[in-house]
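Here are some short exercises to work through with the model open beside you. Try each task before reading its solution.

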Amino acid sequence: METLHFNDIYKSYPTKHGEPFLVLDNIDLTIHKGEFCTLVGPSGCGKSTLLKLILGQDFATSGQLTIKSTPVGHPDSTRGVVYQKYSLYPNKTVLQNVLMGPYFKIPFWKKQERQNAKDYAIELLTKVKLEKHLNKYPHELSGGMQQRVAIIQALITQPEILLMDEPFGALDPGTREFMQTLLIELWEKYQLTILFVTHDLEEACFLGTRLLVLSQYYTDDRGADFQRGAKFVVDRPLHKEPTSTHIKETAEFAELVESIRHQGFNPAHLQHVTEFDLSHPQSWSTLNSQENNSSH
Ligand SMILES: Nc1ncnc2c1ncn2[C@@H]1O[C@H](COP(=O)(O)OP(=O)(O)O)[C@@H](O)[C@H]1O
Ligand SMILES: [Mg+2]
């Protein structure tokens, strides 16, 4: 079942000097239910912009973007999101933060439904070991605890897709590893569909079932001076089975990280669009005749 579909998406921002600045350049992507995709790329390549389009906080300059075959509209509970920081309301407790979404949809007189939502919130918060902190405020929690609340806040409305923008970027290494393992557990248990943005290559290669690399470092047949936006230069499957953190110590893992660094992060290494590693079975791309003139 297809959850998310990008078809020929371009996104540019206007500039003061007239010529628009192209960020996303002919993006094609299909994500199916249950996939756990990690997305990595150089700073400023357009990762957050891509998430904003999915959230409906910004609109593509051209192309079609659908969630379960419906064009994306304003932000709603079909998409959940967790940011690096500030996903929580500072003046609400853990439980109140998590219940904001469900209570918004259930009128106050439907007492039983509200009680069910509350029971479910407590069940989820227990799953991430926060059952003793239900009545605390965000400032009373550690960074890792705050991010666990943010994840549950995003999960409780059962979004079609969970978007995460560098959610563990502000955590210390030990907490980060704990959160990675926890996220894999939640993904399995609740059969989530996840798009996880990170700038950490190890994290991108470790988590998930599919690795996407977005980069402006590539070439095509549009000429040396053409101002290209970012494209997926890698879209490949990762391990099928959920993994233990031991995999990070293997030589194979180190090789994968190095090859991704080379393919996506090296401004001097410009692969041609026809040479990208798009080996994931759901990967596809629609090169036009300017981008690839050898096909004509
Ligand atoms: N609202 C905006 N107006 C103009 N330029 C923007 C806007 N948002 C992002 N950009 C530019 O688009 C590019 C991609 O930004 P972003 O998606 O935040 O990158 P990333 O998340 O990969 O670091 C950057 O060059 C950024 O300056
Ligand atoms: Mg960003």
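**Exercise 1. Work out what share of the chain is buried, and how the fold is built.**

Begin with burial: 47% of the 296 residues in this predicted chain are buried, where buried means under 20% relative accessible area. Next, list the secondary structure, which comes to seven helices and twelve strands. Then turn to contacts between residues at least 6 apart in sequence: 73% of them join residues at least 24 apart.

**Exercise 2. Decide whether the radius of gyration agrees or disagrees with that of a compact globule.**

For 296 residues, a compact globule would have a radius of gyration near 19 Å; the chain has 20 Å, so the two agree. For the overall dimensions, the C-alpha trace spans about 65 × 45 × 40 Å along its principal axes. Finish with the surface: about 14,600 Å² is exposed, and carbon and sulfur atoms supply 52% of that area.

**Exercise 3. Describe the surroundings of ligand 1 and find which backbone atoms lie by its oxygen atoms.**

First, collect the shell, which includes Tyr13, Phe21, Val23, Lys47 and Lys52. Sorted by character, the shell holds five nonpolar, five polar and two charged residues.

Second, look at the backbone. Polar backbone atoms of cysteine 45 and glycine 46 lie 3.3 Å and 2.9 Å from an oxygen atom of ligand 1, respectively. For lysine 47, a backbone N or O atom is 2.8 Å from a ligand oxygen.

Third, check the cover: on its own ligand 1 has 570 Å² of accessible area, and the protein covers 60% of it.

Finally, assign the shell to elements. Strand 2 (21-32) and helix 1 (47-55) each give two or more residues, with helix 1 providing the largest share, four residues.

Key. Residues are numbered from 1 along each chain as its sequence is written. Chains are lettered from A and ligands numbered from 1 in the order in which they are written. This is a predicted model: local features need pLDDT of at least 70, side-chain atom pairs count only at pLDDT 80 or more; totals for chains, interfaces and linings use all residues. Side-chain values use heavy atoms; hydrogens and water are left out. A residue is near a molecule or strand if one of its heavy atoms lies within 4 Å of it. A polar contact is a pair of N or O atoms within 3.5 Å; within protein, one must be able to donate a hydrogen and the other to accept it, and residues adjacent in sequence count only if both atoms are side-chain atoms. Accessible areas come from the Shrake-Rupley method with a 1.4 Å probe; for residues, only the protein chains shown count as cover. Ala, Val, Leu, Ile, Met, Phe, Trp, Tyr, Cys and Pro count as nonpolar, Asp, Glu, Lys and Arg as charged, and the others, Gly among them, as polar. The radius of gyration is taken over C-alpha atoms; the globule rule is 2.2 Å times the number of residues to the power 0.38. Buried means under 20% relative accessible area, exposed over 50%, partly exposed in between (1.4 Å probe, protein chains only). Contact means heavy atoms within 4.5 Å.
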